[in-house]
Number of protein chains: 2
Amino acid sequence: MRVASKSGRGPTKPPRRSEPPQHEDAALRASYDPSQYPRPSVAVDVAVITLKGERLHALLVPRSAPPFRGRLALPGSFVRLDESLDAAVQRVLAEKAGLRGVFVEQLYTFGAVERDPRMRVITVAYVALVAEERLAEDEGHRFHPVEIPWEGETGGPVEVAAGELAFDHAGILGKAIQRLRGKLGYTPIGFQLLPDEFTLRDLLRVHEVVLGRPLNKDSFRRRMLASGDLSATGTQEASVDHRPAELYRFARRSAV
Amino acid sequence: MRVASKSGRGPTKPPRRSEPPQHEDAALRASYDPSQYPRPSVAVDVAVITLKGERLHALLVPRSAPPFRGRLALPGSFVRLDESLDAAVQRVLAEKAGLRGVFVEQLYTFGAVERDPRMRVITVAYVALVAEERLAEDEGHRFHPVEIPWEGETGGPVEVAAGELAFDHAGILGKAIQRLRGKLGYTPIGFQLLPDEFTLRDLLRVHEVVLGRPLNKDSFRRRMLASGDLSATGTQEASVDHRPAELYRFARRSAV
DNA sequence: GAAATAGTGTCTTTAAGACAGTATGTG
DNA sequence: CACATACTGTCTTAAAGACACTATTTC
(Lines give C-alpha, C1' and ligand atoms only; values in the text may rest on other atoms or scores of the structure.)
Protein backbone atom coordinates (compact mmCIF):
# COMPACT_ATOMS: atom_id res chain seq x y z
CA MET A 1 0.00 0.00 0.00
CA ARG A 2 1.77 3.00 -1.31
CA VAL A 3 1.15 6.15 0.59
CA ALA A 4 2.96 9.22 -0.49
CA SER A 5 4.82 10.70 2.42
CA LYS A 6 3.12 13.82 3.51
CA SER A 7 6.21 15.93 3.87
CA GLY A 8 8.69 14.66 1.35
CA ARG A 9 6.76 15.69 -1.68
CA GLY A 10 5.04 18.79 -2.89
CA PRO A 11 7.66 20.95 -4.52
CA THR A 12 4.75 23.18 -5.27
CA LYS A 13 4.52 25.88 -2.70
CA PRO A 14 3.13 24.89 0.65
CA PRO A 15 -0.61 25.05 0.56
CA ARG A 16 -1.14 27.33 3.48
CA ARG A 17 -4.71 28.25 3.61
CA SER A 18 -3.73 29.66 6.95
CA GLU A 19 -3.81 33.27 7.70
CA PRO A 20 -1.39 35.84 6.44
CA PRO A 21 -3.01 38.95 7.87
CA GLN A 22 -3.79 41.21 5.00
CA HIS A 23 -5.89 43.85 3.44
CA GLU A 24 -7.86 43.12 0.40
CA ASP A 25 -5.38 44.53 -2.04
CA ALA A 26 -4.33 42.54 -4.98
CA ALA A 27 -0.73 42.19 -3.98
CA LEU A 28 -1.48 40.30 -0.87
CA ARG A 29 -4.21 38.49 -2.59
CA ALA A 30 -1.68 37.08 -4.95
CA SER A 31 0.21 35.65 -2.04
CA TYR A 32 -2.91 33.73 -1.17
CA ASP A 33 -3.99 32.29 -4.42
CA PRO A 34 -5.69 28.97 -3.98
CA SER A 35 -5.39 28.33 -7.66
CA GLN A 36 -1.77 27.55 -6.91
CA TYR A 37 -2.72 24.33 -5.23
CA PRO A 38 -2.32 21.22 -7.31
CA ARG A 39 -5.81 20.11 -8.17
CA PRO A 40 -7.36 16.72 -8.56
CA SER A 41 -9.70 15.86 -11.39
CA VAL A 42 -13.35 15.71 -10.46
CA ALA A 43 -15.86 13.44 -12.14
CA VAL A 44 -19.45 12.42 -11.72
CA ASP A 45 -20.53 8.81 -12.07
CA VAL A 46 -24.16 7.87 -12.25
CA ALA A 47 -25.77 4.64 -11.14
CA VAL A 48 -28.75 4.56 -13.48
CA ILE A 49 -31.06 1.95 -12.06
CA THR A 50 -34.14 0.38 -13.53
CA LEU A 51 -36.34 -2.61 -12.83
CA LYS A 52 -36.72 -5.35 -15.39
CA GLY A 53 -38.78 -8.33 -14.39
CA GLU A 54 -37.75 -9.42 -10.94
CA ARG A 55 -34.36 -7.83 -10.90
CA LEU A 56 -32.69 -4.49 -10.59
CA HIS A 57 -30.56 -3.51 -13.55
CA ALA A 58 -27.91 -0.86 -13.88
CA LEU A 59 -26.69 0.94 -16.95
CA LEU A 60 -23.11 -0.17 -17.56
CA VAL A 61 -20.92 0.81 -20.45
CA PRO A 62 -17.79 -1.00 -21.57
CA ARG A 63 -14.68 1.09 -21.26
CA SER A 64 -13.09 1.73 -24.61
CA ALA A 65 -9.80 2.98 -23.26
CA PRO A 66 -7.45 2.14 -20.43
CA PRO A 67 -7.46 1.83 -17.58
CA PHE A 68 -9.81 -1.12 -17.14
CA ARG A 69 -10.28 -1.24 -20.87
CA GLY A 70 -13.11 -3.56 -21.83
CA ARG A 71 -14.56 -3.73 -18.39
CA LEU A 72 -17.98 -2.41 -17.60
CA ALA A 73 -18.28 0.89 -15.79
CA LEU A 74 -20.90 3.35 -14.64
CA PRO A 75 -21.48 6.15 -17.12
CA GLY A 76 -19.70 9.28 -16.04
CA SER A 77 -17.77 12.31 -17.09
CA PHE A 78 -15.33 14.83 -15.84
CA VAL A 79 -16.92 17.94 -14.44
CA ARG A 80 -16.38 21.07 -16.47
CA LEU A 81 -15.42 24.26 -14.77
CA ASP A 82 -18.55 26.04 -15.87
CA GLU A 83 -21.13 23.48 -14.88
CA SER A 84 -22.43 22.43 -11.50
CA LEU A 85 -22.30 18.82 -10.37
CA ASP A 86 -25.99 18.42 -11.03
CA ALA A 87 -25.58 19.86 -14.50
CA ALA A 88 -22.77 17.43 -15.22
CA VAL A 89 -25.06 14.59 -14.21
CA GLN A 90 -27.82 15.82 -16.50
CA ARG A 91 -25.31 15.99 -19.30
CA VAL A 92 -24.15 12.43 -18.67
CA LEU A 93 -27.70 11.19 -18.58
CA ALA A 94 -28.56 12.93 -21.82
CA GLU A 95 -25.41 12.03 -23.70
CA LYS A 96 -24.88 8.51 -22.51
CA ALA A 97 -28.39 7.29 -21.89
CA GLY A 98 -30.67 9.62 -23.82
CA LEU A 99 -32.53 10.32 -20.61
CA ARG A 100 -34.14 13.54 -19.48
CA GLY A 101 -36.08 14.50 -16.40
CA VAL A 102 -35.46 11.35 -14.42
CA PHE A 103 -35.14 11.16 -10.65
CA VAL A 104 -31.61 11.96 -9.57
CA GLU A 105 -30.00 12.14 -6.16
CA GLN A 106 -26.45 12.65 -5.01
CA LEU A 107 -25.08 9.54 -3.36
CA TYR A 108 -21.56 9.85 -2.02
CA THR A 109 -18.18 11.17 -3.01
CA PHE A 110 -15.34 8.72 -3.46
CA GLY A 111 -11.89 10.09 -2.95
CA ALA A 112 -9.43 7.29 -2.27
CA VAL A 113 -6.05 8.31 -3.56
CA GLU A 114 -5.52 5.26 -5.74
CA ARG A 115 -8.99 4.72 -7.07
CA ASP A 116 -7.90 5.69 -10.55
CA PRO A 117 -4.44 4.37 -11.47
CA ARG A 118 -3.76 7.17 -13.92
CA MET A 119 -4.09 10.16 -11.70
CA ARG A 120 -5.98 11.55 -8.78
CA VAL A 121 -9.67 11.50 -9.58
CA ILE A 122 -12.36 12.29 -7.06
CA THR A 123 -15.77 11.18 -8.19
CA VAL A 124 -19.13 12.40 -7.00
CA ALA A 125 -21.53 9.50 -7.41
CA TYR A 126 -25.22 9.93 -8.15
CA VAL A 127 -28.19 7.59 -8.33
CA ALA A 128 -30.77 7.91 -11.06
CA LEU A 129 -34.00 5.93 -11.16
CA VAL A 130 -35.85 5.33 -14.37
CA ALA A 131 -38.86 3.26 -15.36
CA GLU A 132 -38.10 0.54 -17.89
CA GLU A 133 -40.79 1.98 -20.13
CA ARG A 134 -38.85 5.17 -20.51
CA LEU A 135 -35.79 3.53 -21.94
CA ALA A 136 -35.21 3.90 -25.63
CA GLU A 137 -35.52 0.69 -27.61
CA ASP A 138 -31.81 0.24 -28.14
CA GLU A 139 -30.88 1.13 -24.57
CA GLY A 140 -32.37 -1.85 -22.85
CA HIS A 141 -29.55 -4.25 -23.54
CA ARG A 142 -27.01 -1.98 -21.89
CA PHE A 143 -28.68 -2.50 -18.56
CA HIS A 144 -27.20 -5.44 -16.66
CA PRO A 145 -28.85 -7.37 -13.86
CA VAL A 146 -27.28 -6.68 -10.50
CA GLU A 147 -26.61 -9.30 -7.85
CA ILE A 148 -26.78 -8.04 -4.32
CA PRO A 149 -24.77 -10.37 -2.09
CA TRP A 150 -25.92 -8.87 1.20
CA GLU A 151 -29.11 -8.36 3.09
CA GLY A 152 -30.88 -5.40 4.56
CA GLU A 153 -29.05 -2.11 4.57
CA THR A 154 -25.69 -3.67 5.16
CA GLY A 155 -23.99 -2.45 2.04
CA GLY A 156 -20.92 -3.65 0.19
CA PRO A 157 -20.03 -4.15 -3.45
CA VAL A 158 -22.50 -5.79 -5.81
CA GLU A 159 -21.86 -8.32 -8.53
CA VAL A 160 -22.58 -8.41 -12.21
CA ALA A 161 -22.61 -11.47 -14.42
CA ALA A 162 -20.46 -9.78 -17.04
CA GLY A 163 -17.51 -9.72 -14.68
CA GLU A 164 -15.67 -7.28 -12.49
CA LEU A 165 -16.53 -3.64 -12.86
CA ALA A 166 -13.94 -0.97 -13.48
CA PHE A 167 -12.50 1.18 -10.71
CA ASP A 168 -14.50 1.09 -7.47
CA HIS A 169 -17.76 1.04 -9.37
CA ALA A 170 -19.00 -2.20 -7.81
CA GLY A 171 -18.79 -0.48 -4.46
CA ILE A 172 -20.52 2.63 -5.74
CA LEU A 173 -23.35 0.58 -7.15
CA GLY A 174 -23.59 -1.23 -3.84
CA LYS A 175 -23.92 2.01 -2.00
CA ALA A 176 -26.61 3.09 -4.45
CA ILE A 177 -28.68 -0.01 -3.70
CA GLN A 178 -28.08 0.47 0.00
CA ARG A 179 -29.36 4.03 -0.19
CA LEU A 180 -32.35 2.92 -2.19
CA ARG A 181 -33.25 0.28 0.36
CA GLY A 182 -32.93 2.72 3.19
CA LYS A 183 -35.08 5.37 1.56
CA LEU A 184 -37.88 3.02 0.60
CA GLY A 185 -38.84 2.81 4.22
CA TYR A 186 -39.63 6.44 4.73
CA THR A 187 -39.92 8.04 1.30
CA PRO A 188 -42.11 7.55 -1.72
CA ILE A 189 -39.37 6.65 -4.16
CA GLY A 190 -40.51 3.37 -5.65
CA PHE A 191 -42.71 5.29 -8.07
CA GLN A 192 -39.63 6.33 -9.93
CA LEU A 193 -39.16 2.80 -11.19
CA LEU A 194 -42.72 2.55 -12.51
CA PRO A 195 -44.69 4.15 -15.33
CA ASP A 196 -47.06 6.99 -14.53
CA GLU A 197 -49.93 4.67 -13.76
CA PHE A 198 -49.49 1.47 -11.85
CA THR A 199 -51.27 -0.95 -9.58
CA LEU A 200 -50.55 -1.56 -5.94
CA ARG A 201 -49.15 -4.90 -6.92
CA ASP A 202 -46.67 -3.26 -9.26
CA LEU A 203 -45.53 -1.05 -6.42
CA LEU A 204 -45.31 -3.97 -4.05
CA ARG A 205 -43.13 -5.80 -6.55
CA VAL A 206 -40.82 -2.80 -6.77
CA HIS A 207 -40.41 -2.75 -3.02
CA GLU A 208 -39.84 -6.47 -2.83
CA VAL A 209 -37.23 -6.49 -5.56
CA VAL A 210 -35.39 -3.50 -4.14
CA LEU A 211 -35.46 -4.83 -0.61
CA GLY A 212 -34.72 -8.36 -1.69
CA ARG A 213 -37.35 -9.91 0.53
CA PRO A 214 -41.09 -10.59 0.49
CA LEU A 215 -43.36 -8.05 2.11
CA ASN A 216 -46.70 -8.34 3.79
CA LYS A 217 -49.27 -7.53 1.18
CA ASP A 218 -52.01 -6.37 3.50
CA SER A 219 -50.08 -3.92 5.53
CA PHE A 220 -48.30 -2.69 2.44
CA ARG A 221 -51.64 -1.80 0.93
CA ARG A 222 -52.75 -0.09 4.10
CA ARG A 223 -49.55 1.89 4.44
CA MET A 224 -49.56 3.06 0.87
CA LEU A 225 -53.19 4.09 0.85
CA ALA A 226 -52.77 5.85 4.17
CA SER A 227 -49.64 7.68 3.09
CA GLY A 228 -51.50 10.08 0.85
CA ASP A 229 -48.89 9.61 -1.85
CA LEU A 230 -51.24 7.72 -4.14
CA SER A 231 -54.26 8.95 -5.98
CA ALA A 232 -56.63 6.55 -7.67
CA THR A 233 -57.23 7.17 -11.34
CA GLY A 234 -60.63 5.53 -11.41
CA THR A 235 -59.54 3.26 -14.21
CA GLN A 236 -58.31 -0.30 -14.01
CA GLU A 237 -55.58 -2.29 -15.59
CA ALA A 238 -56.60 -4.13 -18.73
CA SER A 239 -55.75 -7.38 -20.40
CA VAL A 240 -54.93 -9.45 -17.39
CA ASP A 241 -56.32 -12.92 -16.96
CA HIS A 242 -57.81 -12.21 -13.57
CA ARG A 243 -59.64 -9.47 -11.78
CA PRO A 244 -58.10 -6.16 -12.82
CA ALA A 245 -56.72 -3.84 -10.19
CA GLU A 246 -57.21 -0.13 -9.74
CA LEU A 247 -54.60 2.07 -11.35
CA TYR A 248 -52.91 4.66 -9.17
CA ARG A 249 -50.80 7.66 -9.85
CA PHE A 250 -48.19 9.35 -7.70
CA ALA A 251 -49.73 12.30 -5.90
CA ARG A 252 -47.54 15.16 -4.91
CA ARG A 253 -47.90 15.24 -1.21
CA SER A 254 -50.28 18.02 -0.33
CA ALA A 255 -50.06 20.01 2.88
CA VAL A 256 -51.41 18.02 5.78
CA MET B 1 -20.71 36.95 -12.59
CA ARG B 2 -17.09 36.16 -12.83
CA VAL B 3 -16.34 32.62 -13.73
CA ALA B 4 -12.82 31.54 -14.17
CA SER B 5 -12.62 30.77 -17.82
CA LYS B 6 -12.26 27.10 -18.25
CA SER B 7 -9.54 27.34 -20.77
CA GLY B 8 -7.74 30.54 -19.98
CA ARG B 9 -6.39 29.55 -16.66
CA GLY B 10 -4.11 26.94 -15.26
CA PRO B 11 -1.28 26.65 -17.72
CA THR B 12 0.52 25.22 -14.76
CA LYS B 13 1.61 21.83 -15.81
CA PRO B 14 -1.00 19.20 -15.46
CA PRO B 15 -0.06 17.26 -12.37
CA ARG B 16 -0.33 13.83 -13.81
CA ARG B 17 0.32 11.44 -11.13
CA SER B 18 3.28 9.16 -11.63
CA GLU B 19 1.85 5.72 -12.28
CA PRO B 20 3.13 5.25 -15.81
CA PRO B 21 1.46 3.34 -18.62
CA GLN B 22 1.38 -0.12 -17.10
CA HIS B 23 -0.29 -3.18 -18.55
CA GLU B 24 -2.23 -1.21 -21.14
CA ASP B 25 -0.61 0.22 -24.22
CA ALA B 26 0.65 3.73 -24.02
CA ALA B 27 -0.54 4.79 -27.43
CA LEU B 28 -4.19 4.77 -26.65
CA ARG B 29 -3.49 6.31 -23.39
CA ALA B 30 -1.99 9.37 -24.95
CA SER B 31 -5.09 9.95 -27.00
CA TYR B 32 -7.21 9.85 -23.93
CA ASP B 33 -5.44 11.80 -21.29
CA PRO B 34 -7.88 13.10 -18.72
CA SER B 35 -5.20 15.22 -17.16
CA GLN B 36 -5.83 17.58 -20.05
CA TYR B 37 -9.14 18.66 -18.63
CA PRO B 38 -9.13 21.88 -16.62
CA ARG B 39 -9.63 20.96 -13.02
CA PRO B 40 -11.55 22.54 -10.16
CA SER B 41 -10.16 22.89 -6.68
CA VAL B 42 -11.48 20.44 -4.14
CA ALA B 43 -11.86 21.19 -0.45
CA VAL B 44 -13.30 19.54 2.60
CA ASP B 45 -15.33 21.51 5.12
CA VAL B 46 -16.29 20.04 8.45
CA ALA B 47 -19.33 20.82 10.55
CA VAL B 48 -17.95 20.04 14.00
CA ILE B 49 -20.96 19.85 16.26
CA THR B 50 -21.17 19.66 20.01
CA LEU B 51 -23.83 20.08 22.65
CA LYS B 52 -23.51 22.79 25.28
CA GLY B 53 -26.37 23.16 27.67
CA GLU B 54 -29.60 23.10 25.74
CA ARG B 55 -28.19 24.05 22.40
CA LEU B 56 -26.20 22.65 19.54
CA HIS B 57 -22.99 24.48 18.82
CA ALA B 58 -20.77 24.42 15.76
CA LEU B 59 -17.10 25.20 15.45
CA LEU B 60 -16.78 28.35 13.39
CA VAL B 61 -13.61 30.22 12.60
CA PRO B 62 -13.41 33.80 11.40
CA ARG B 63 -11.97 34.14 7.94
CA SER B 64 -8.79 36.14 7.96
CA ALA B 65 -8.57 36.59 4.23
CA PRO B 66 -10.92 37.39 1.39
CA PRO B 67 -13.39 36.40 0.25
CA PHE B 68 -15.84 36.84 3.13
CA ARG B 69 -13.05 38.18 5.27
CA GLY B 70 -14.10 38.50 8.87
CA ARG B 71 -17.12 36.28 8.52
CA LEU B 72 -17.40 32.99 10.30
CA ALA B 73 -16.86 29.81 8.35
CA LEU B 74 -16.65 26.10 8.86
CA PRO B 75 -13.10 24.83 9.28
CA GLY B 76 -11.83 23.33 6.09
CA SER B 77 -8.90 22.85 3.79
CA PHE B 78 -8.06 22.06 0.24
CA VAL B 79 -7.52 18.40 -0.42
CA ARG B 80 -3.97 17.43 -1.23
CA LEU B 81 -3.25 15.14 -4.09
CA ASP B 82 -1.75 12.50 -1.85
CA GLU B 83 -4.44 12.31 0.78
CA SER B 84 -7.91 10.83 0.71
CA LEU B 85 -10.94 12.90 1.57
CA ASP B 86 -11.17 11.22 4.95
CA ALA B 87 -7.53 11.93 5.60
CA ALA B 88 -8.02 15.58 4.74
CA VAL B 89 -10.85 15.73 7.25
CA GLN B 90 -8.69 14.18 9.95
CA ARG B 91 -6.02 16.73 9.20
CA VAL B 92 -8.50 19.60 9.47
CA LEU B 93 -9.81 18.26 12.75
CA ALA B 94 -6.34 17.89 14.17
CA GLU B 95 -4.95 21.17 12.93
CA LYS B 96 -7.93 23.42 13.45
CA ALA B 97 -9.65 21.87 16.42
CA GLY B 98 -7.05 19.72 18.13
CA LEU B 99 -9.41 16.79 17.83
CA ARG B 100 -8.60 13.15 17.24
CA GLY B 101 -10.71 10.05 16.95
CA VAL B 102 -14.09 11.75 16.88
CA PHE B 103 -17.11 10.52 14.98
CA VAL B 104 -17.01 11.65 11.38
CA GLU B 105 -19.34 11.09 8.47
CA GLN B 106 -19.44 12.40 4.95
CA LEU B 107 -22.42 14.67 4.42
CA TYR B 108 -22.77 16.01 0.91
CA THR B 109 -20.74 17.56 -1.86
CA PHE B 110 -21.46 21.12 -2.87
CA GLY B 111 -20.53 22.06 -6.37
CA ALA B 112 -22.41 25.17 -7.46
CA VAL B 113 -20.29 27.05 -9.94
CA GLU B 114 -20.37 30.34 -8.08
CA ARG B 115 -20.12 29.17 -4.52
CA ASP B 116 -16.62 30.61 -4.22
CA PRO B 117 -16.22 33.96 -5.98
CA ARG B 118 -12.52 33.45 -6.58
CA MET B 119 -12.56 30.30 -8.58
CA ARG B 120 -14.28 27.01 -9.00
CA VAL B 121 -14.17 25.16 -5.70
CA ILE B 122 -16.06 21.97 -5.06
CA THR B 123 -16.31 21.13 -1.38
CA VAL B 124 -17.00 17.79 0.21
CA ALA B 125 -18.75 18.51 3.49
CA TYR B 126 -18.43 16.30 6.55
CA VAL B 127 -20.12 16.18 9.94
CA ALA B 128 -18.13 15.54 13.09
CA LEU B 129 -19.70 14.99 16.49
CA VAL B 130 -17.79 15.61 19.67
CA ALA B 131 -18.67 15.62 23.34
CA GLU B 132 -18.22 18.96 25.02
CA GLU B 133 -15.96 17.28 27.58
CA ARG B 134 -13.48 16.42 24.89
CA LEU B 135 -12.91 19.99 23.82
CA ALA B 136 -9.68 21.60 24.89
CA GLU B 137 -10.07 24.42 27.39
CA ASP B 138 -9.45 27.17 24.89
CA GLU B 139 -11.58 25.67 22.17
CA GLY B 140 -14.92 26.11 23.80
CA HIS B 141 -15.44 29.73 22.87
CA ARG B 142 -15.01 29.03 19.19
CA PHE B 143 -18.19 27.00 19.19
CA HIS B 144 -21.22 29.12 18.39
CA PRO B 145 -24.82 28.30 19.22
CA VAL B 146 -26.83 27.37 16.16
CA GLU B 147 -30.39 28.49 15.52
CA ILE B 148 -32.45 26.06 13.51
CA PRO B 149 -35.32 27.94 11.87
CA TRP B 150 -37.16 24.86 10.66
CA GLU B 151 -38.79 21.80 12.12
CA GLY B 152 -38.42 18.12 11.57
CA GLU B 153 -36.19 16.96 8.78
CA THR B 154 -37.13 19.79 6.52
CA GLY B 155 -33.69 21.26 6.10
CA GLY B 156 -32.54 24.70 5.03
CA PRO B 157 -29.84 27.09 6.19
CA VAL B 158 -29.31 27.70 9.89
CA GLU B 159 -28.60 30.94 11.67
CA VAL B 160 -25.86 32.09 13.96
CA ALA B 161 -25.96 35.09 16.26
CA ALA B 162 -22.60 36.31 15.04
CA GLY B 163 -24.02 37.07 11.63
CA GLU B 164 -24.00 35.59 8.18
CA LEU B 165 -21.65 32.74 7.51
CA ALA B 166 -19.19 32.74 4.65
CA PHE B 167 -19.88 30.97 1.35
CA ASP B 168 -22.77 28.50 1.48
CA HIS B 169 -21.77 27.35 4.94
CA ALA B 170 -25.11 28.18 6.54
CA GLY B 171 -26.69 25.75 4.14
CA ILE B 172 -24.05 23.12 4.79
CA LEU B 173 -24.58 23.39 8.52
CA GLY B 174 -28.31 23.14 7.95
CA LYS B 175 -27.86 19.95 6.02
CA ALA B 176 -25.66 18.61 8.81
CA ILE B 177 -28.41 19.17 11.37
CA GLN B 178 -30.94 17.68 9.02
CA ARG B 179 -28.83 14.56 8.62
CA LEU B 180 -28.34 14.33 12.35
CA ARG B 181 -32.06 14.55 12.99
CA GLY B 182 -32.76 11.90 10.43
CA LYS B 183 -30.20 9.45 11.73
CA LEU B 184 -31.24 9.82 15.33
CA GLY B 185 -34.37 7.88 14.58
CA TYR B 186 -32.72 4.70 13.44
CA THR B 187 -29.10 4.84 14.57
CA PRO B 188 -27.33 5.10 17.86
CA ILE B 189 -25.56 8.35 17.20
CA GLY B 190 -26.48 10.54 20.15
CA PHE B 191 -23.74 8.87 22.17
CA GLN B 192 -21.22 10.79 20.17
CA LEU B 193 -22.28 14.00 21.86
CA LEU B 194 -21.90 12.57 25.37
CA PRO B 195 -18.99 11.47 27.53
CA ASP B 196 -18.25 7.76 27.85
CA GLU B 197 -20.65 7.29 30.71
CA PHE B 198 -24.01 8.94 30.83
CA THR B 199 -27.49 8.59 32.20
CA LEU B 200 -30.63 7.95 30.24
CA ARG B 201 -31.66 11.50 30.98
CA ASP B 202 -28.49 12.82 29.41
CA LEU B 203 -29.23 10.84 26.30
CA LEU B 204 -32.83 11.99 26.27
CA ARG B 205 -31.65 15.58 26.47
CA VAL B 206 -29.35 15.01 23.50
CA HIS B 207 -32.21 13.68 21.44
CA GLU B 208 -34.51 16.49 22.44
CA VAL B 209 -32.01 19.20 21.66
CA VAL B 210 -31.07 17.71 18.31
CA LEU B 211 -34.67 17.10 17.30
CA GLY B 212 -35.81 20.41 18.69
CA ARG B 213 -38.86 18.96 20.39
CA PRO B 214 -39.74 17.19 23.64
CA LEU B 215 -39.83 13.42 23.63
CA ASN B 216 -41.82 10.91 25.60
CA LYS B 217 -39.62 9.86 28.46
CA ASP B 218 -41.15 6.46 29.06
CA SER B 219 -41.02 5.13 25.57
CA PHE B 220 -37.59 6.64 25.08
CA ARG B 221 -36.34 4.63 28.01
CA ARG B 222 -37.95 1.48 26.72
CA ARG B 223 -36.62 1.91 23.22
CA MET B 224 -33.10 2.59 24.39
CA LEU B 225 -32.97 -0.30 26.80
CA ALA B 226 -34.48 -2.63 24.22
CA SER B 227 -32.09 -1.53 21.50
CA GLY B 228 -29.14 -3.36 22.98
CA ASP B 229 -26.94 -0.36 22.37
CA LEU B 230 -26.59 0.47 26.05
CA SER B 231 -24.81 -1.45 28.74
CA ALA B 232 -25.26 -0.55 32.37
CA THR B 233 -22.07 0.16 34.25
CA GLY B 234 -23.46 -0.76 37.65
CA THR B 235 -22.47 2.62 39.03
CA GLN B 236 -24.58 5.70 39.44
CA GLU B 237 -24.17 9.35 38.86
CA ALA B 238 -22.93 11.29 41.88
CA SER B 239 -23.49 14.72 43.35
CA VAL B 240 -26.99 15.34 42.23
CA ASP B 241 -29.63 16.66 44.58
CA HIS B 242 -32.04 13.86 43.90
CA ARG B 243 -32.05 10.16 43.37
CA PRO B 244 -29.03 9.31 41.22
CA ALA B 245 -29.51 7.48 37.95
CA GLU B 246 -27.72 4.48 36.59
CA LEU B 247 -24.76 5.23 34.35
CA TYR B 248 -24.69 3.60 30.94
CA ARG B 249 -22.07 3.11 28.34
CA PHE B 250 -22.40 2.65 24.61
CA ALA B 251 -22.26 -1.03 23.77
CA ARG B 252 -20.97 -2.05 20.40
CA ARG B 253 -23.89 -3.81 18.91
CA SER B 254 -23.22 -7.51 19.13
CA ALA B 255 -24.33 -9.93 16.46
CA VAL B 256 -27.96 -10.81 16.94
C1' DG C 1 -67.96 -22.75 -13.24
C1' DA C 2 -62.71 -22.85 -12.43
C1' DA C 3 -58.73 -20.12 -11.75
C1' DA C 4 -56.51 -16.16 -10.25
C1' DT C 5 -55.88 -12.01 -8.15
C1' DA C 6 -58.28 -7.65 -6.03
C1' DG C 7 -60.11 -5.90 -2.17
C1' DT C 8 -62.51 -5.95 2.82
C1' DG C 9 -63.07 -7.08 7.67
C1' DT C 10 -61.35 -8.71 11.87
C1' DC C 11 -58.34 -10.82 15.29
C1' DT C 12 -53.72 -10.84 17.28
C1' DT C 13 -49.34 -8.86 18.34
C1' DT C 14 -46.24 -5.22 19.20
C1' DA C 15 -44.60 -0.65 20.21
C1' DA C 16 -45.64 3.95 21.71
C1' DG C 17 -48.03 7.28 24.75
C1' DA C 18 -50.14 8.25 29.24
C1' DC C 19 -50.02 7.97 33.84
C1' DA C 20 -50.17 6.12 38.53
C1' DG C 21 -47.39 4.40 42.00
C1' DT C 22 -43.02 3.08 44.29
C1' DA C 23 -37.87 3.75 45.17
C1' DT C 24 -33.91 6.35 46.62
C1' DG C 25 -30.96 9.95 46.74
C1' DT C 26 -30.21 15.27 48.88
C1' DG C 27 -31.36 19.07 51.83
C1' DC D 1 -39.72 14.73 56.38
C1' DA D 2 -40.09 17.38 51.95
C1' DC D 3 -38.57 17.30 47.47
C1' DA D 4 -36.92 15.76 43.16
C1' DT D 5 -36.00 12.58 40.03
C1' DA D 6 -35.31 7.36 38.91
C1' DC D 7 -37.61 3.43 37.92
C1' DT D 8 -41.70 -0.06 37.44
C1' DG D 9 -46.22 -1.62 36.08
C1' DT D 10 -50.46 -1.19 33.71
C1' DC D 11 -53.95 0.70 30.62
C1' DT D 12 -54.88 2.62 26.10
C1' DT D 13 -54.02 3.44 21.31
C1' DA D 14 -52.10 2.77 16.74
C1' DA D 15 -49.88 0.19 13.35
C1' DA D 16 -48.30 -4.26 11.45
C1' DG D 17 -48.92 -9.18 10.52
C1' DA D 18 -52.07 -13.01 9.78
C1' DC D 19 -55.86 -14.79 7.79
C1' DA D 20 -60.63 -15.63 6.45
C1' DC D 21 -63.88 -14.11 3.32
C1' DT D 22 -66.00 -11.71 -0.67
C1' DA D 23 -65.59 -9.53 -5.46
C1' DT D 24 -64.54 -9.46 -10.26
C1' DT D 25 -62.34 -10.47 -14.23
C1' DT D 26 -60.66 -14.17 -18.09
C1' DC D 27 -60.93 -18.65 -19.95
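Select B:R201 and DNA strand D. A polar side-chain atom of B:R201 lies 3.1 Å from a phosphate oxygen of the strand, a polar contact (a pair of N or O atoms within 3.5 Å). This is a predicted model, where local features need pLDDT of at least 70, side-chain atom pairs count only at pLDDT 80 or more, and totals for chains, interfaces and linings use all residues. Residues are numbered from 1 along each chain as its sequence is written, chains are lettered from A in the order in which they are written, and side-chain values use heavy atoms, without hydrogens and water.

Next, pick A:S219. An N or O atom in its side chain is 2.3 Å from a phosphate oxygen of DNA strand D. For B:R221, the corresponding distance to a phosphate oxygen of the strand is 2.8 Å.

Now show everything near the strand (a heavy atom within 4 Å). There are 21 residues around DNA strand D, and A:R222 and A:R243 are among those that come nearest. Of the strand's atoms within 4 Å of the protein, 62% belong to sugar or phosphate.

Move to B:Y108 and B:F110. They form an edge-to-face aromatic pair, 5.2 Å centre to centre with 65° between the planes. Ring centres of Phe, Tyr or Trp (its six-membered ring) within 6.5 Å make a pair; planes under 30 degrees apart are stacked, over 60 edge-to-face, the rest tilted. B:F110 is buried, at 15% relative accessible area; B:Y108 is partly exposed, at 21%. Buried means under 20%, exposed over 50%, partly exposed in between (1.4 Å probe, protein chains only).

Finally, select B:F191 and B:F198. This pair is tilted: 5.7 Å centre to centre, 55° between the planes. Both residues are buried.

Terms used. A polar contact is a pair of N or O atoms within 3.5 Å; within protein, one must be able to donate a hydrogen and the other to accept it, and residues adjacent in sequence count only if both atoms are side-chain atoms.
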